[in-house]
Amino acid sequence: MNAWVTTLGLVPDLLIAAVTTIKITLGGLLVALALGLFCAILQSLQSGILRVAVAIYVDVFRAVPVLTQLFIIYFGLTAIGIRLDPVPAAIVGFGINGGAYLTEAFRAGIGSVNHGQLEAAHMLGMTKLSTMRIIILPQAMRVVLPPLGNYAIGLLKDTALASAVAAPELMFRARILVDKTFLSTQIYLAVAILYLGMSLCLGQVTRWAEARLAWTRK
């Protein structure tokens, strides 16, 4: 009983660490979204060099474990004079890695738009940028949103790897508390509940966004 009372007293510490987990998740997600969308648009252009460059980026960063990429960014970049703090390093690492996956998701979404609509936009004199912004992307989001939601939830859980580069996120803090109190069962159970709560919230946001997108098309 005393163990659970002690664990309850540690919950504020875990909640503070959970905020860092959310920061890393949102930061990594924003970087991944920007990179994925940018690379998918480059792939849609009729340029062989750009398509090959994007394909190399996607293949390399999907093939190398994200933990290895975090180590390279956090430890490896110091060899060339670039030193990032743990949280920014984690955001950059997860963002670059996620961008490779989201490039494929956005590419599938853009490819799902009927080519006839692109020809019609061209005949109306719309620029490529306007066509992408007004016609293609709104329709592509219907295809992209479900895998995007799954990626966001997976990213939230993967942020536990950031503890390997000393980012003070949830698992990092939990390990410190376990070392101090030896209450591994209670503390890790509390961590699991926090991850579950955050994942369920993300799932609800995804379902709301899907419903909202479906409603706007009626």
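User: Where do Glu104 and Arg107 lie, and how many residues apart are they?
Analyst: In this predicted model, Glu104 and Arg107 both belong to helix H4, where they sit 3 residues apart, about one turn of the helix.

User: What do their side chains form?
Analyst: The side chains of Glu104 and Arg107 meet in a salt bridge, with an N to O distance of 3.1 Å.

User: And is Glu104 buried or exposed?
Analyst: Neither label fits, because Glu104 has a relative accessible area of 22% and is therefore partly exposed, buried being kept for values under 20%. Arg107 also counts as partly exposed, at 42% relative accessibility.

User: How many salt bridges are there by this rule?
Analyst: The count comes to 2 salt bridges. Besides the pair in H4, the side chains of Asp13 and Arg173 meet in a salt bridge at 3.3 Å, N to O.

User: Which parts of the chain does that pair link?
Analyst: The pair links distant parts of the chain, with Asp13 in helix H1 (residues 2-44) and Arg173 in helix H7 (residues 170-181), 160 residues apart. Asp13 is partly exposed at 29% relative accessibility, and Arg173 is partly exposed as well, with a relative accessible area of 24%.

User: Switching to packing, at what angle do H4 and H6 pack?
Analyst: Helix H4 (residues 86-111) packs on helix H6 (residues 128-158) at an angle of about 140 degrees, and their axes are 8 Å apart.

User: Why call that oblique?
Analyst: An angle has to be over 145 degrees to count as roughly antiparallel, and 65 to 115 degrees would be roughly perpendicular; at about 140 degrees, H4 and H6 are therefore oblique to each other. As for handedness, H4 passes H6 in a right-handed crossing.

User: Which residues make the contact?
Analyst: On the H4 side they include Phe94, Gly98, Leu102 and Phe106, while H6 contributes residues including Met132, Ile136, Val144, Pro147 and Tyr151. By class, the contact of H4 with H6 has 16 nonpolar, 2 polar and 1 charged residues. Gly98 and Gly109 of H4 are among the contact residues, and Gly is counted as polar here. Asp158 of H6 also takes part in the contact.

User: One more, back in H1: is Thr25 buried or exposed?
Analyst: Thr25, which lies in helix H1, counts as buried, because its relative accessibility is 5%, and the cut-off for buried is under 20%.

User: What does Thr25 touch?
Analyst: Leaving aside residues up to four places away in sequence, Thr25 touches Ala152, Leu155, Leu156 and Thr159. One of these, Leu155, also appears among the H6 residues that contact H4.

Terms used: Residues are numbered from 1 along each chain as its sequence is written. This is a predicted model: local features need pLDDT of at least 70, side-chain atom pairs count only at pLDDT 80 or more; totals for chains, interfaces and linings use all residues. Side-chain values use heavy atoms; hydrogens and water are left out. Axes are lines fitted to C-alpha atoms, for helices over the stretch in contact, and angles run from 0 to 180 degrees between N-to-C directions. Helices (H or I, at least four residues) and strands (E, at least two) are DSSP runs, numbered from the N terminus. Angles under 35 degrees count as roughly parallel, over 145 as roughly antiparallel, 65 to 115 as roughly perpendicular and the rest as oblique. A crossing is left-handed if the near helix is turned anticlockwise from the far one by less than a right angle, and right-handed if clockwise. Contact means heavy atoms within 4.5 Å. A salt bridge is a side-chain nitrogen of Lys or Arg within 4 Å of a carboxyl oxygen of Asp or Glu. Buried means under 20% relative accessible area, exposed over 50%, partly exposed in between (1.4 Å probe, protein chains only).
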